[in-house]
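Good morning. Please bring up the structure on your screens, and I will walk through it in a few minutes.

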Amino acid sequence: MDYIVMDLEWNQNPYGKNNNHPDIPFEIIEIGAIKLDNYMKPLEEFKTYIKPSVIPVLNPKISEITNIKE
């Protein structure tokens, strides 16, 4: 049996999650995944960036944490 582990990176409201507003949602900006075999040995990797559309500018703190540049 193989396993897939996914990791999502999010851009968020520049005012932080405690100040969420329904018109400014969190957006996925990167999807990463790795496929592992039964022994947890990596078989394949996947990574893609997604251009934010609701908040087109990355939150500077998110950019600092993820090292994703615009």
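I will go through the sheet, then one residue in it, and then two residues with an unusual backbone angle. Keep in mind that this is a predicted model.

Start with the sheet. It is an open sheet of three strands, and their order is 1-2-3, with antiparallel pairing. Which strands are at the edges? They are strand 1, residues 3–11, and strand 3, and each of these pairs on one side only. From one strand to the next, the twist averages 15°.

Now the two pairings. Between strand 1 and strand 2 there are nine bridges, in the antiparallel sense. Between strand 2 and strand 3 there are seven bridges, again antiparallel. To find one place in that second pairing, look for Ile31, which stands opposite Thr48 in strand 3.

For the pairing of strands 1 and 2, take Asn11. This residue is in strand 1, and its bridge partner in strand 2 is Glu27. Is Asn11 buried or exposed? Asn11 has a relative accessible area of 0%, and anything under 20% counts as buried, so Asn11 is buried. What does Asn11 touch, if we leave aside its neighbours within four places in sequence? The contacts of Asn11 are Phe26, Glu27, Ile29, Pro52, Ile55, Val57, Leu58, Asn59 and Ile62. Glu27, the bridge partner of Asn11, is on that list.

Next, the backbone angles. Strand 2 and strand 3 form a hairpin, with five residues between them. Strand 2 covers residues 27–36, strand 3 covers residues 42–49, and Met40 lies in the loop between them. What is worth noting about the phi of Met40? Met40 is not a glycine, yet its phi is positive, about 65°. Met40 has a relative accessible area of 46%. That value falls between the 20% and 50% cut-offs, so Met40 is called partly exposed.

The other case is Asn67. Where does Asn67 lie? Asn67 is in the segment after helix 1, and that helix covers residues 60–66. Asn67 is not a glycine either, and its phi is positive at about 60°. With a relative accessible area of 59%, Asn67 is over the 50% cut-off, so Asn67 is exposed.

To recap the three residues: Asn11 is buried, Met40 is partly exposed, and Asn67 is exposed. That is the end of my part.

Notes: Residues are numbered from 1 along each chain as its sequence is written. This is a predicted model: local features need pLDDT of at least 70, side-chain atom pairs count only at pLDDT 80 or more; totals for chains, interfaces and linings use all residues. Side-chain values use heavy atoms; hydrogens and water are left out. Helices (H or I, at least four residues) and strands (E, at least two) are DSSP runs, numbered from the N terminus. Buried means under 20% relative accessible area, exposed over 50%, partly exposed in between (1.4 Å probe, protein chains only). Two strands pair if DSSP finds at least two bridges between them. Axes are lines fitted to C-alpha atoms, for helices over the stretch in contact, and angles run from 0 to 180 degrees between N-to-C directions. Contact means heavy atoms within 4.5 Å.
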